[in-house]
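Here are a few exercises to help you find your way around a new structure. Have a look at it, then work through them one by one.

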Amino acid sequence: MSNLKTQILIQALARRLTRARVLKSEDAWEKLYRELQDAMTRAWDDNMRNAAAAALDHLRELDQSHFTEEDAQLIHETLENRVGVVAMIAALYGPLLNLTEAFYRTGIQEVVATRGVDVSFRHLDQNAINITQRANLYWVGNSWNTYTDKLLRQSLTDYFKQGYSRQQLIERLANDFAGLTERGHHYWNLLADHIATRTREIGRIDAYTSAQIKYIQIRAHLDARTSDVCRKMHGKIIPVERLVAQRDAYLKAASERDMETAKQVWHMWKESDDLSQLDVPGEKLPTNTVMPPYHFRCRTISVVYFR
Ligand SMILES: [Zn+2]
């Protein structure tokens, strides 16, 4: 075989192997992602079941008169004990720490699998992993304030306003809890997605800096579901130092438990936001919109760019 033919063959093989490696790592990510989703929804289901049992026990102990505002408050406290900040963090502590590190490493592996990337890891940025783990735990605990509390309080207020007797409420509540538990799945799946994509991206940045990559390119998943934000971001070339700056701002805010700032420095775009701010080259993007994900349920990633 001629030298040129051999070279072409080797290059084609290398491309195929690279593709196989990337696919394999996508599978790994998918598997981890399902694991996190399962862990979250299982913790939620178990805790809600216990919460329902505790709330119903409480109601049964009372007499048959009408459900009062004080009863509602007491049941609310019972629920907080079972599905509140402390309970959900306790239920997800182990899985979330392990999976955060696994997502982080997946991000690194995806970069390392890129052809032309030469990286020998001397050490992982353990500090970045630790802060990301704590931030992810915080988002889990935060569910009580942003989602669960409102959901349960609303139901209890409705019961109170409708003048249910406690007996009626026992029947009603047993039924409603199933619906409430199911509605929660949407929230936890969303959060699992958010945690997974963010953590993987933070891992990627670790690999970019270790491999001394200077630029990345934004790669959106283009189909009918692609968001307007990601259509604008697709193809942009961004200096890695800008990603590092955003990551550091996020980790700093997270390590200081300043979650308002953490949200500001890594903006999740909404349909109603002014997208014209993104009509600029990668170097000029707003500091809070450099690394993906750019919104909830975002499928966009960054990839190595050689120039
Ligand atoms: Zn997106």
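Helices (H or I, at least four residues) and strands (E, at least two) are DSSP runs, numbered from the N terminus. The model is a predicted one: local features need pLDDT of at least 70, side-chain atom pairs count only at pLDDT 80 or more, and totals for chains, interfaces and linings use all residues. Residues are numbered from 1 along each chain as its sequence is written, and side-chain values use heavy atoms, with hydrogens and water left out.

**Exercise 1. Get an overview of the protein.**

Step 1: Count the elements. You should find 8 helices and 3 strands.

Step 2: Put them in order. Starting at the N terminus, you read α-α-α-α-α-β-α-β-α-α-β.

Step 3: Check burial, where buried means under 20% relative accessible area, exposed over 50%, and partly exposed in between (1.4 Å probe, protein chains only). Of 307 residues, 48% count as buried.

Step 4: Look at the surface, using the Shrake-Rupley method with a 1.4 Å probe. About 16,100 Å² is exposed by the protein, and carbon and sulfur atoms supply 50% of that.

Step 5: Look at contacts, meaning heavy atoms within 4.5 Å. Take those with a separation of 6 or more: 83% of them join residues 24 or more positions apart.

**Exercise 2. Work out which residues hold the zinc ion.**

Step 1: Search for donors, which are N, O and S atoms within 2.8 Å of the metal (3.2 Å for Na, K and Ca); water is not among the atoms, so sites may look incomplete.

Step 2: List what turns up. The zinc ion is coordinated by C230 through SG, H295 through NE2 and C298 through SG, at 2.1 to 2.3 Å.

Step 3: Write down the spacing in sequence, which is C-x64-H-x2-C.

Step 4: Are H295 and C298 buried or exposed? Both H295 and C298 are buried.

**Exercise 3. Describe how α3 and α4 pack.**

Step 1: Pick your descriptors. Two packed helices are described by the angle between their axes and the distance between the axes.

Step 2: Fit the axes as lines to C-alpha atoms, over the stretch in contact, with angles running from 0 to 180 degrees between N-to-C directions. Helix α3 (residues 85-112) and helix α4 (residues 126-161) then give an angle of about 145 degrees, and their axes are 8 Å apart.

Step 3: See who makes the contact. On α3 the residues include M88, L92 and Y104, and on α4 they include I129, L137 and W144.

Step 4: Sort the contact residues into 13 nonpolar, 6 polar and 1 charged. Here Ala, Val, Leu, Ile, Met, Phe, Trp, Tyr, Cys and Pro count as nonpolar, Asp, Glu, Lys and Arg as charged, and the others, Gly among them, as polar.

**Exercise 4. Classify four residues by burial.**

Step 1: Start with H76, which lies in helix α2 (residues 69-83). H76 counts as buried because its relative accessibility is 4%. Leaving out residues up to four places away in sequence, H76 touches W144, D149, R153 and L156.

Step 2: Go on to S143 in helix α4. With 1% relative accessibility, S143 is buried too. Its contacts, again not counting residues up to four places away in sequence, are T148, Y187 and W188.

Step 3: Try T114, in the loop between α3 and α4. T114 is partly exposed, since its relative accessible area is 25%. The C-alpha atoms of T114 and V304 are separated by 7.4 Å, although the two are 190 residues apart along the chain.

Step 4: Finish with Q264 in helix α8 (residues 259-265). Q264 has 52% relative accessibility, so Q264 counts as exposed.
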